[in-house]
Protein chains: 2
Amino acid sequence: MSPAQESIKDADFILPPDVDAKSFVAAMDEMRKVVGSENLEIITAAKMMPDSDGHYFNLPREHDLFYCLEKDTFLASAVIVPGSVEDVSAIVKLANKYLVPLWPISRGRNLGYGGAAPRLRGSVVLDMGGRMNKVLNIDDEHATALLEPGVSYFSLYGYLQNNGHKHLWIDSPDLGGGSVVGNALDRGAGYTPYGEHFSMHCGMEVVLPNGEIIRTGMGSLPENNTWQLFQYGYGPYPDGIFSQSNFGIVTKLGIWLMPDPGNAPTIRNTLIDAAVYAQKAEYSLSKEVLTETEVDEIAKKIGVGRWNIYGALYGPEPMRKLQWEVIRSTLMTVPGASFQFAADVEKEPKAKVLHMREETLKGIPNTYELGWLDWTCKNGSLLGFSPISPVTGADASRQYEMVKRRFHEFGFDYIGTFVVGWRELHHIVCLTFDKTDPDSRRRAHRCIELLIDDAAKLGYGEYRTHTAFMDQIASVYNWNNNSTLRFNETLKDALDPNGILAPGKSGIWPKRLRNRGFEI
Amino acid sequence: MSPAQESIKDADFILPPDVDAKSFVAAMDEMRKVVGSENLEIITAAKMMPDSDGHYFNLPREHDLFYCLEKDTFLASAVIVPGSVEDVSAIVKLANKYLVPLWPISRGRNLGYGGAAPRLRGSVVLDMGGRMNKVLNIDDEHATALLEPGVSYFSLYGYLQNNGHKHLWIDSPDLGGGSVVGNALDRGAGYTPYGEHFSMHCGMEVVLPNGEIIRTGMGSLPENNTWQLFQYGYGPYPDGIFSQSNFGIVTKLGIWLMPDPGNAPTIRNTLIDAAVYAQKAEYSLSKEVLTETEVDEIAKKIGVGRWNIYGALYGPEPMRKLQWEVIRSTLMTVPGASFQFAADVEKEPKAKVLHMREETLKGIPNTYELGWLDWTCKNGSLLGFSPISPVTGADASRQYEMVKRRFHEFGFDYIGTFVVGWRELHHIVCLTFDKTDPDSRRRAHRCIELLIDDAAKLGYGEYRTHTAFMDQIASVYNWNNNSTLRFNETLKDALDPNGILAPGKSGIWPKRLRNRGFEI
Ligand SMILES: Cc1cc2nc3c(=O)[nH]c(=O)nc-3n(C[C@H](O)[C@H](O)[C@H](O)COP(=O)(O)OP(=O)(O)OC[C@H]3O[C@@H](n4cnc5c(N)ncnc54)[C@H](O)[C@@H]3O)c2cc1C
Ligand SMILES: Cc1cc2nc3c(=O)[nH]c(=O)nc-3n(C[C@H](O)[C@H](O)[C@H](O)COP(=O)(O)OP(=O)(O)OC[C@H]3O[C@@H](n4cnc5c(N)ncnc54)[C@H](O)[C@@H]3O)c2cc1C
C-alpha cells in the first residue's frame, strides 16, 4: 500500500452508499482518464459554493441553489463533464464497476425542482451540457432541430438568429438559461402552441444504464432521413420512459420549431406580476401574509387585475382580427374585465410585465421572471408545486383556496399561475422562501409536504417535483396497491441491475438501494 | 387416466410451442371456468372459416382474412372472449401457468396488417372487444372519451349522435369498423387534425404479462379527475411501450375528441379512386400492369387527376374564406391543377370519391374504401406497406418510383396515398392480391419483402406492418448493432419472463422462444 493510498479516508469524501474511499478514488482515477482531469472535480463540504456566490448565471452544480432541507442534504461527491457520447458510455460502464451512482443534468437550472443536485447524496453529477452543447442540425424545410444537452434557449435562439434561420421560432419557458433538452426531459412547459415541450420532441439518442447506446424512433433505422420528423418509428415507442426517469442518459434530442405559431394563454395572479417588479417591502410594510385588501391595492398600484390573462394572436392580420373579435366578445362578459395591448401601455418609467410577456410570446428567451424570487428577501429561493386539474373555474378556485390556506398557515403569500394545456390546467405555484433562514426552509418544506396530500385527497396530482418530494409524490400515485411504482421498479431492475443511474429519481430506487432508508 | 384424457392427441389441436395436448386442454378447462364455455372456442384446422364466408363484417378471428402465406400459417389454437378486466388478469395468470401464448385483438379488423390472427401459430386469440365494448365515459366539457377495446368508430359515432354529444367529432380512419382502441395501439392514422391517433390518446389501463393491472398517467392517482385530460402523470411516461408491442393488454383507453376541428390533407393517386368505384376489368381489358397512358385515360374517365388532394377547411365562414384564398393561390401555381367542391359535383349516376371523403373529413365513419380491395379480383386481399419519409416532392417521387418499379416487376398496379403528418409523409401503399391464388400470394409477399429492403437502403422505414414482416422490419431498424431490438428484449424478459404475451409481435420474441426458428 502506497503512502498516498494509506492516507485515503472515508471522511474526506461525500461517499455514496456501498462505496468506500479507496474504491471511490479508484473510480475517479479511471473516470479522470476518460474525460481529462480538468473535467472532473471531487467535491468536499469545504468546496460547496458559498451562498453569496451562487445565482442563476453562476450555478452550483454540487448542491441545490435553492436548498430547502440542509445545504448539504443533496450533495454530490463529484462533478464530471463528459465531452462525447463515448465518454458518457465509458463513464456509465465504470459507474457499474464501482457502484458509483450518476446524476445527469443538462444545464442544471432546474430551479424550484432541485437545481443541479442529485437526489441521493454522494451521487456524481454528470454535467451533460458543459461540453456537449452544440446545435447539431437545423432542418429549415421541416422546422426541426437536433440538439446536444447543453444547448440553452438563449443559445438556440442566438443560433437561429445568427445562422439564417430567423423564420424559425422557438418556445421558451419563463427563463431562457435552461436546457432545451433538460426541460423537455423534465416535461416542462412554455407559452406558445409549442409550449408542451415533451410532445414536441422528436427522436432521442440515449445511453442506457449498462453503457449501451440506442436511438429511438426513426433513429434506429440507419441511413434514415426522418429521425426528427416522425416520432414513433417501429415497435414499442420508448421515449416516454426516458422522461422524468432514471432509465437512461439522453445525449441528443430532436425538437420541433415553430414556422407559424398560435397561442397558449396563461392566467397569472397579481402578486407574481408585482413580484417581478419589486420586493414585497416596496409595496407593504407588513411582515405578515398580505390581506385581500392589500393585494387589491397592489393590483391598483401596478395597473393589473387580481388575475391577468396574457396571450397573443398569430397569423395574417385579417385572421387575427377575426380571432380577436371572438376573444373580446367572450371575455368582456366577465364583470370588470379590461384589455391592454403592449403597444398601448407606457414603457416609462419601466417596462411592464405585458412587455416582458410579449417577448416570451414571440419566443425570445429572457430572465425577467427571476425578479419574483426576491419577493420576501434578497437571493430568494423557490419551491415549485405544480398540480394538474381539469380546465374548469371550479377546479381553479378549489386549487387556489387549497394552496392559499396552507400558504397563509405557514406565512407565505400566494404567488401562482394557471397554464392552459391541451386539456388540463397546470397550476404553477411559486413558494418563495429564504434559504438562509432554517425556519423559512422548514416552513416551506412542511407546507408543500402537506399540500401534496391535500391535493391528492381532492384528486390533484403533481406533474413534476422537487427532489425533496419525489418519494412522497410517487407514493400518492398509488392506484391498485402502488402498481405503477412496482412496474417502474421492474423496468429499473431490468435496465439498471447495479442501480447506478440517478437512484431515487421520481421515487424509483434500484433494488440495491431500495428500502434501506434513503427514501424521504 | 380417464378415457377422455387418454384420447387427447396432439394432432387434434393447433398447439403452441412447448405445450402438449394434455396441458393445453387443462389450460382451456381452467380458462373456460373464467369466461364461461360460450366464450371460449377451441380451433381446429377444420374449423377455419371458409374463404367464401369471411368478409369485413364477418371476420375470421382464428386466421388472417387476407392471408398472404398459407391460410393456416398464422392460425390460432383458440379464441377467448373475456368479459372484464378481472377475466383478462385471470387468463393471463393461467397463460403463465401453462405457457400458453395470448394474442390480444380489439375488433380484429387489422386488415392489410395481419387481421385478427396471431404472429405465433397456436397462440390463443384474446378477443378484447367481443364483450368489453362499452363507451365508459364522455366528458363534454373537455371533449374526451374513455373506451373499452370493443368500441368501433361506428359505435362511438353512434353513441355520440344518440346521447346528446353531437357537437363532439371523432376522427375515423378509412373504414369505420375498426376499434378506436386497437387502431390507436397500432398507431393508425386518420384524416382530420386529430388523425394522429396515438398522440390523441390520454390514459390507459393495462393488464401486464404477469396479470398485474396498472393505470397510466393520472390514472395511477386514485380519485384523480384528469385521467383523460393530462397524458403524462408523474415519473416515466410508459404509454408508448404499450403501442405496437407485446408488453401489456390494454383494457381501457382515453381518447380526445374534436370540439373544433381543422384539416389534414391526403394526396391520392388515380387508381385508388378508380378502384373505389369498380374493378380493373371495367376500365381495361388488360391483364397486365396498366401503362401510364391507360392510367391517364382512367383519370379522364372518372374525372380526377393523376394525383388528387382531398381536404377540408374548418372554422367560421370568414376564416375559411381567408384560408381558402391562401390555399387556392398557392396550389393554382401547379400546372394543370384544378379544384372541385363536393357541392358542385354531380352525385349522379353515383356518388364520387369527393362525396365519400367529405363524410370522412366530417368524422362520419363509413366503409366506401373497401371497394378498392377488389381491384383485380372479387374478395381481393390487401397487404399494406407504409414507409415514412420527409415531406418533400423529391421524397414522394422517389418513393413512388421505388414502389412502382417493384409492383410492376411482380405484376401489380400501383395504388397508394400520401398522408401529410405533423412533419412527415405516411406513404400508404395498397397491394391488392388474390389470396385464392398461391402465385398471387407468393408474388405479393415477395414484392413487399424486397420493398422493405429497397426502402431501408434509401433510409425509409415502415411505421407499421403485417405480421408476416415483423421480424424483417425489426431487423432493418438495426442502428448500432440492433441496440433497439436488444433493448426491447430486455424489457420483454423483465415484464414477461414466461413469454406468454403476443410472442413475435413487432419482432420481439421472449427469451423462451427466441432463436428457435419461429422468426420469419
Ligand atoms: C423564476 C423561474 C421561472 C421558471 N419558469 C419555468 C417555466 O416557465 N417552464 C418550465 O418548464 N420551468 C420553469 N422553471 C423551472 C426551470 O428553471 C426550468 O424548467 C429549466 O429549464 C430546467 O432546468 P434545465 O433546463 O437546465 O434542466 P436540467 O436541470 O439540466 O434538467 C432537468 C432534469 O432533467 C433530467 N435530465 C437533464 N438532462 C438529462 C439527460 N441528458 N439525460 C437524462 N436526464 C436528464 C435530470 O433529472 C434533471 O434534474 C422556472 C424556474 C424559475 C426559478
Ligand atoms: C380498405 C382499407 C382501408 C384502411 N384504411 C385505414 C386508415 O385510413 N387508417 C388506418 O390506420 N388503418 C387503415 N386500415 C387498416 C385497418 O383496417 C385499421 O387500422 C383498423 O382500425 C385496425 O383494426 P382494429 O381497429 O380492429 O384493431 P385490432 O386488429 O383489434 O388491433 C390492431 C393491433 O393492435 C394490437 N391490439 C389490439 N387491441 C389490443 C389490446 N387491447 N391490447 C394490446 N394490444 C392490442 C394487436 O396487436 C392488434 O393486432 C385500412 C384497411 C383496409 C382494408
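This is a short conversation about two ligand sites and one sheet in a predicted model.

Reader: Let's start with ligand 1. Which residues come nearest to ligand 1?

Author: Welcome! A ligand site can be read as a shell of residues around the molecule. Here 29 residues surround ligand 1, and A:Ser106, A:Ser179, A:Tyr191, A:Arg464 and A:Lys505 come nearest.

Reader: What classes of residue does the shell around ligand 1 have?

Author: The mix is 13 nonpolar, nine polar and seven charged residues. Strand E3 (102-105), helix H5 (180-185) and strand E9 (249-256) of chain A each give at least two residues to this shell. H5(A) supplies the largest share, three residues.

Reader: Which backbone atoms should I look for beside ligand 1?

Author: Try A:Ser179, where a backbone N or O atom sits 2.6 Å from an oxygen atom of the ligand. A polar backbone atom of A:Arg107 is 2.8 Å from an oxygen atom of ligand 1. At A:Val250, a backbone N or O atom lies 2.8 Å from a nitrogen atom of ligand 1. Ligand 1 on its own has 960 Å² of accessible area, and the protein covers 95% of it.

Reader: Now to chain B. Which residues come nearest to ligand 2?

Author: Of the 29 residues around ligand 2, look for B:Ser106, B:Ser179, B:Tyr191, B:Arg464 and B:Lys505. For a side-chain example, a polar atom of B:Asn183 lies 3.0 Å from an oxygen atom of ligand 2. From the backbone, a polar atom of B:Ser106 is 2.6 Å from a ligand oxygen atom. The protein buries 95% of the 970 Å² that ligand 2 exposes when taken alone.

Reader: How do I read a sheet?

Author: Strands of a sheet pair through backbone hydrogen bonds, in either a parallel or an antiparallel way. In chain B, five strands make an open sheet in the order E5-E6-E9-E7-E8, with antiparallel pairing.

Reader: Why is one side of E5 and of E8 left without a neighbour in the sheet?

Author: Strand E5 (135-139) and strand E8 (213-215) of chain B are at the edges, and each has a single partner strand, so one side of each has no neighbour in the sheet. On average, neighbouring strands here are turned by 10 degrees against each other, direction ignored.

Reader: Where can I see one pairing up close?

Author: Follow strand E7 (residues 201-207) of chain B, which pairs with E8(B) in the antiparallel sense over three bridges. There, B:Val207 stands opposite B:Ile213 in E8(B).

Reader: Which helix lies across E5 and E6 of chain B?

Author: That is helix H4 (residues 153-162) of chain B, which runs at about 50 degrees to E5(B).

Terms used. Residues numbered from 1 in each chain as written. Chains lettered and ligands numbered in written order. Predicted model: local features only at pLDDT ≥ 70, side-chain atom pairs only at ≥ 80, totals over all residues. Heavy atoms only, no water. Near = heavy atom within 4 Å. Polar contact = N/O pair within 3.5 Å; in protein donor to acceptor, adjacent residues only side chain to side chain. Areas by Shrake-Rupley, 256 points an atom, 1.4 Å probe, with all protein chains shown as cover. Helix = DSSP H or I, 4+ residues; strand = E, 2+ residues; numbered from the N terminus. Nonpolar A, V, L, I, M, F, W, Y, C, P; charged D, E, K, R; others polar. Pairing = 2+ DSSP bridges. Axes fitted to C-alpha atoms, helices over the stretch in contact; angles between N-to-C directions. Contact = heavy atoms within 4.5 Å.
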